[in-house]
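Me: Please take a close look at chain B of this model, and within that chain at one place where two helices meet. I would like a connected account rather than a list, with the reasoning spelled out where there is some.

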Amino acid sequence: MQIQSLTFSSILFLIGLTGIYLNRKSVILLLMSIELLLLAVNLNFLMFSATSEDIVGEVFALFVLTVAAAEAAIGLALLVIYYRVRGSISIEFVSLLKS
Amino acid sequence: MYLCLVFLPLMGSLLTLTFGRFLGFRGAALLTTSCTFTAFVLSCVAFYEVALCASPCYIKLAPWFETELFDASWGFMFDTLTVVMLIVVTSVSTLVHLYSISYMAGDPHIPRFMSYLSVFTFFMLMLVTADNFVQLFFGWEGVGLASYLLINFWFTRLQANKAAIKAMMVNRVGDVGLALGIFGIFYFYKTTDYLTVFASTPTLMEASRPTMILLNMEVDALDAICILLFIGAVGKSAQLGLHTWLPDAMEGPTPVSALIHAATMVTAGVFLISRCSPVFEYAPTALVVVTFGGAMTCFFAATTGVVQNDLKRVIAYSTCSQLGYMIFACGLSNYSVGVFHLMNHAFFKALLFLGAGSVIHALADEQNMLKMGGVAKAIPFTYSMMFIGSLSLAGIPFLTGFYSKDVILEVAYAKYTIAGNFAYLLGSLCVAFTSYYSFRLLILTFLTPTQAHKSAIKVVEEASLLMSIPLVILAFGSIFVGYTFKDAFIGLGTNFWNNALFTLPQNTNLLESEYIPQASKMLPLVSIFLGAILALIINYTSPGISNILKTSTNGRLLYIFLNKRWLVDKVYNDVIGYPALKLGYHTTFKAIDKGILELIGPLGISKTVATLIVKLSRIQSGFVYHYAVIMLGGIVLLVAFSQIGVNFDLRLALIWLCAMWVF
C-alpha cells in the first residue's frame, strides 16, 4: 500500500516535471504542471504522515495547500498582466532575458 | 713596487677616462704614457730582481672569495715567466702609447683611446701576474673586453662594430673552454691556486689518474682539463678553429693591432700553456692535441697570408702563423722555446705593425697593397724599419726571429714522434711561406712601380718623430733581442727559469736537437731564401708569372681558396652562424617562446577562458523551460554527488538514469 502510493506520487511528480520541460505552448500549462508537482508532494506528505503516525506531515500538507493556492493566485495574476502586455501566453517567445 | 707596476696603468686609465675632458689631448697622452713607461721601468727592475737575481716574489693582496672549501685571493706571483711577459707587455705597450700620440693626432677621442690602451695593459698585467686561475680568468676576460672596446674604437663604422662583436664572441667560445678547465681543476684539486695545483699534480693526479665524465664519455681527467685549457688558448691565441676573429680585428686603429697582435692578447694563450706546464707535462694526449693544433694553424695561416692583399691582414695572418709555432713548441714540451719565440715575436711584430701604420699614414689611409708601391725612396726610414722587421720575421740568420724559430723546428725534428715530425714538416714548409709573404709585402709596398694616386704620392711624408722613436727602439729589439737572450732563455742547462717552466726529464730534448742531421738543420734556412727568391721573381722581376698563375683554371681556384682564407668563414657562416640564427628565430623564438609556451601560457589560457565564457553564457537562452532543465539537472547532480560520497547503490543509479532520461 505504502510503496504503491509512493510510486504513484513519484510518477505524478515526474509527470509534472515532464509537463514543465516539454511544454512549449502556454504558461497556463506550466502553472498546472507546477500545481501537479505540489499535489504529488502533498500526497507524499500525507502518505508519510499516515504511515509514520505523525501529525506534522498533515500540518505541513495544509500549509502547502495554502501556499499552492496563493502561488496559483499570484501566478494567474502575473499571467493576466502578461497577456495584457503581450497579447499571447505562449512561452515560446519569452526570451527577453538572454545572456 | 710590484703592485705599482700592475696598478699604474689602471690608474692612468681611470684618471684619463674620468678627467680626460680636463686633461686634454696632450695631458691624456702624457699621463697614460708616463704611467705605462713607469710600469715598464719597474718591470725592468722586477726582471733584474726576479729573473737575474733569482728571487721570485709572491704577494697576497686581499681575499676575494672565502667560502668553506673555495678560496681565491687577489694575489700576485712574480716568477721568471711572469717578468718576461711583463717586459714584453709593458715595453710594447709603452711604445704603442708613444706611437699613438702622433698616429692618432687629430682624432677627437684621444683621451678615450689612451684610456682603453692603458686598461688593456692593466688587464694583461693582471693576467700574467695572477697567482691563481680565477684571477687569471679575470685578466683573460678583461683583455677580451678591452679588445672589444679598442677594435670598436671608431664605433660609427659598421665594419668595426661587426669585427669587435666577432672578436668578443669568438673569444667567448674559447673562454667557455677555459672556464670549464678551471672548474675541472677546482673539482679535482679543490683549489685554484697555481702553486698548490702544480705541486700536487704528480702525486695527486699522476699517481691515481682519475677520470671524469665529459660528454657522456669517461676520459682521463688530466688530459681533459688540459685540452679544455687549450681550447681557451685556441680562442685567445687565434688557433685553427677559432682564428676567424683575428684578421677581422684589423678594423681597429693600427696601434691597437700592434698591441693586440704583437705583445698582449694573442700571447695569452701561449702564456697559459707555459704557465700550466707542470700540468700539461702529465697529460701526453693533450700535448699531442696542442702540437697538432699549433702546427695546423701555422700552416693554414701561412698559406692564407701568401695571397692576402691587405697590408694589415698579411701581418695578421703572419701573427696567426707565428702563434702556431709557439703553440706547437709548447706542445712538444719546449715551453722555454715557445716563450722565447713569444718575446722575439712581440718585438718584430710590433715593429711590423707600427711600420705598416706608418705606411698607411703616409699613403692617406690606403691599406690595399695593390694600390701602393714605389714609396721606398719617399719614406726610406719606414722602409728600412719594415725591412728589418720582415727579415726578422722571415728568420734571416742572426736576427731575432732566427734564434727562436730555428730552435722550434729543431726540437720538433728531434722529438721523433708522429706529432713532432708533423710539426717539423709543416713548420719547415711555413718558413718558405713566411719568407715569401714577408718579401711580397716589402716588394708590393715599397719597390714595385707605384699604383697609388698622384694626390697621395705627392704628399707622402716620413713618419713624425714620435712615431719614429718607437720604430727605432723596436728595430733594435728585432735585431738584438734574440741574440742577447738566447743563452738565458734556451741555453743548455740554463737556470734562468727557476722552475717557472717545468719539463719532464723524458720530454726534454733541447740537447738532442743540437745533434740532428745537418740537412734538417739547413732545410729552414734554404726555405727562407727559396721563399725570398720566389717572391722577388713573381712580384718584382716578372709579375707576368703571377698573373698567369692567378688566371689559369686550377691556379684561380687555389688563389680564391687561399685568398678567401680556406673558406672557413664561409663555412662557419653557412654551417654554424646562419643555422644557429635560424634555429634561434624560427624554433626557439617563434615555435617555443612565442608558440608552445604562449599557447599553454597567458595567451592560450585567456583565449580558452574567453571562448568558454561565451559558450557558458549561451546556456542562458532566456527560455523558461531551458532554465528548468538546467535546474533539474543541477539537482540531480547534487543528489548524485552527495550520494556517491555516502553510499553508492545500484538502485539509485537506476533512478538517476530515469531522471537523466527525463532530462
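Reply: Among the contacts in chain B between residues at least 6 apart in sequence, 79% join residues that are at least 24 apart. This is a predicted model, and in it chain B comprises 26 helices and four strands. The C-alpha trace of chain B spans about 115 × 65 × 60 Å along its principal axes, and of the 663 residues in the chain, 56% are buried.

The helix pair comes from a part of the chain that a record also singles out. In an unreviewed entry, UniProt lists residues 437–640 of chain B as "domain: NADH dehydrogenase subunit 5 C-terminal". Over residues 437–640 of chain B, the model is 75% helix and 0% strand, with the end C-alpha atoms 94 Å apart.

Helix α20 of chain B covers residues 518–541 and helix α21 of chain B covers residues 543–551; the axes of α20(B) and α21(B) come within 4 Å and cross at roughly 95°. Because angles of 65 to 115 degrees count as roughly perpendicular, the crossing makes α20(B) roughly perpendicular to α21(B). On the α20(B) side, the contact is made by B:Ile537, B:Ile538, B:Asn539, B:Tyr540 and B:Thr541, while α21(B) contributes B:Pro543, B:Ile545, B:Ser546 and B:Leu549. By character, the residues of this contact between α20(B) and α21(B) divide into six nonpolar, three polar and no charged.

Further along chain B, B:Trp566 is found in the loop between α22 (553–563) and α23 (568–600). Most residues other than glycine have a negative phi. B:Trp566, although not a glycine, has a positive phi of about 60°. With a relative accessibility of 26%, B:Trp566 counts as partly exposed.

A second positive phi appears at B:Lys190, which is not a glycine either and has a value of about 65°. B:Lys190 lies in the loop between α5 (158–189) and α6 of chain B, and its relative accessibility of 42% places B:Lys190 in the partly exposed class. Helix α6 of chain B, which covers residues 194–208, contains B:Ser200. B:Ser200 counts as buried, since its relative accessibility is 17% and the cut-off for buried is under 20%. If neighbours within four places in sequence are left aside, B:Ser200 is in contact with B:Tyr189 and B:Met205.

The cysteines call for a separate remark, as the structure holds zero disulfides over all chains. A disulfide would need two cysteine sulfur atoms within 2.5 Å. For B:Cys4, the closest cysteine sulfur belongs to B:Cys35 and is 10 Å away, which is too far for a bond. For B:Cys276, the closest cysteine sulfur is that of B:Cys226, and the distance of 7.4 Å is likewise too far for a bond. As to their surroundings, B:Cys4 is partly exposed with a relative accessible area of 43%, whereas B:Cys276 is buried at 0% relative accessibility.

Note on methods: Residues numbered from 1 in each chain as written. Chains lettered and ligands numbered in written order. Predicted model: local features only at pLDDT ≥ 70, side-chain atom pairs only at ≥ 80, totals over all residues. Heavy atoms only, no water. Axes fitted to C-alpha atoms, helices over the stretch in contact; angles between N-to-C directions. Helix = DSSP H or I, 4+ residues; strand = E, 2+ residues; numbered from the N terminus. Parallel < 35°, antiparallel > 145°, perpendicular 65-115°, else oblique. Contact = heavy atoms within 4.5 Å. Nonpolar A, V, L, I, M, F, W, Y, C, P; charged D, E, K, R; others polar. UniProt positions renumbered as here; feature names shortened; annotations may be inferred. Buried < 20%, exposed > 50% of the residue type's maximum accessible area, 1.4 Å probe, protein only.
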